[in-house]
Amino acid sequence: PGKTGAYEIVSDKTAVYISMSFASFNDFFTNLEKEFSETNSKDYESYSNNIKKVEKFLKIDLKKDFFGWIGTEMAFIKLKPTANSKEDDIVVAINTQNINDAKSGMGNIMRQLKRRSPVKFETVQYNDYEINQMVIKGFFKMFFGKLFGKLEKPYFTFIGNYVVFSNTPSNLMDMIDDYTKGNVLVKE
């Protein structure tokens, strides 16, 4: 297990908080891929080919631009329902080894998406935080399976030392509001 800390940025209006921690994400992911390749070589080959296609199409290096900055924790969060929430509204907070590396890697992914995709998407400024949308359907499900399967074409922002993803910008706005006001789980 690794160090956890998402509770320092997660809204105190959280209904579900599941944290997965590891001493080294790179070691964890390498072991996971090795196990997958040994137990289900046909599906692993398909997975591996999909990774190569995404990297070739977007001209990115996922190990550097995405996996390279992941730190010691991934937290799955479900905020308490509000009048405008949907059943699939979720938040995923990913700890970074270095927030600047995460910003650089995510920036590169976003630049390449904009160059290669006909979809027009905007960056929204909200209380000095930038909210972007990653228009890659199934990105998280491809790597992390069903737990993150509902995170389709996620929006993301940077809070503290975390990259925070959600399938709705309103969840991120709620997280930002509560973080800036100090209404976080660590205070509970």
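## Getting to know this predicted model

Lysine 59 is exposed, since its relative accessible area is 53% and the cut-off for that label is over 50%. Keep in mind that you're looking at a predicted model. The protein chain has 188 residues, built around six helices and seven strands. Below is a quick tour, starting with the whole chain and ending with a few residues worth finding on screen.

**The chain as a whole**

- Reading from the N terminus, the elements go β-α-α-α-β-β-α-β-β-α-β-β-α.
- The radius of gyration is 16 Å, which agrees with the value near 16 Å for a compact globule of 188 residues.
- Along the principal axes, the C-alpha atoms fit a box of roughly 45 × 40 × 30 Å.
- Take the contacts between residues at least 6 apart in sequence: 65% of them join residues at least 24 apart.

**Surface, inside and charges**

- Buried residues account for 44% of the chain's 188 residues.
- The accessible surface is about 10300 Å², and carbon and sulfur atoms contribute 49% of that.
- The chain carries 26 positive and 24 negative charges, and the mean positions of these two sets sit 7 Å apart.

**Tryptophan 69, a buried residue**

- You'll find tryptophan 69 in the loop between helix H3 (62-65) and strand E2 (70-79).
- Its relative accessibility is just 1%, so tryptophan 69 counts as buried.
- Leaving aside residues up to four places away in sequence, tryptophan 69 touches a list of residues that includes Lys64, Ile94, Asn95, Thr96, Met106 and Val163.
- Also among those it touches are Gln97, Asn98, Asp101 and Ala102.
- A polar atom of the tryptophan 69 side chain lies 3.1 Å from the backbone oxygen of phenylalanine 66.
- Methionine 142 is 73 residues away from tryptophan 69 along the chain, and their C-alpha atoms are 18 Å apart.

**Two loop residues with positive phi**

- As background, most residues other than glycine have a negative phi.
- Lysine 59 has a positive phi, near 55°, though the residue isn't glycine.
- Lysine 59 belongs to the loop between helix H2 (41-58) and H3.
- Aspartate 128 is another residue other than glycine with a positive phi, here near 70°.
- To spot aspartate 128, look in the loop between strand E4 (124-126) and strand E5 (129-133).
- Aspartate 128 counts as exposed because its relative accessibility is 77%, and the label applies over 50%.

Conventions
Residues are numbered from 1 along each chain as its sequence is written. This is a predicted model: local features need pLDDT of at least 70, side-chain atom pairs count only at pLDDT 80 or more; totals for chains, interfaces and linings use all residues. Side-chain values use heavy atoms; hydrogens and water are left out. Helices (H or I, at least four residues) and strands (E, at least two) are DSSP runs, numbered from the N terminus. Buried means under 20% relative accessible area, exposed over 50%, partly exposed in between (1.4 Å probe, protein chains only). Contact means heavy atoms within 4.5 Å. A polar contact is a pair of N or O atoms within 3.5 Å; within protein, one must be able to donate a hydrogen and the other to accept it, and residues adjacent in sequence count only if both atoms are side-chain atoms. The radius of gyration is taken over C-alpha atoms; the globule rule is 2.2 Å times the number of residues to the power 0.38. Accessible areas come from the Shrake-Rupley method with a 1.4 Å probe; for residues, only the protein chains shown count as cover. Lys and Arg count as positive and Asp and Glu as negative; His and the chain ends are not counted. The place of a charge is taken as NZ of Lys, CZ of Arg, CG of Asp or CD of Glu.
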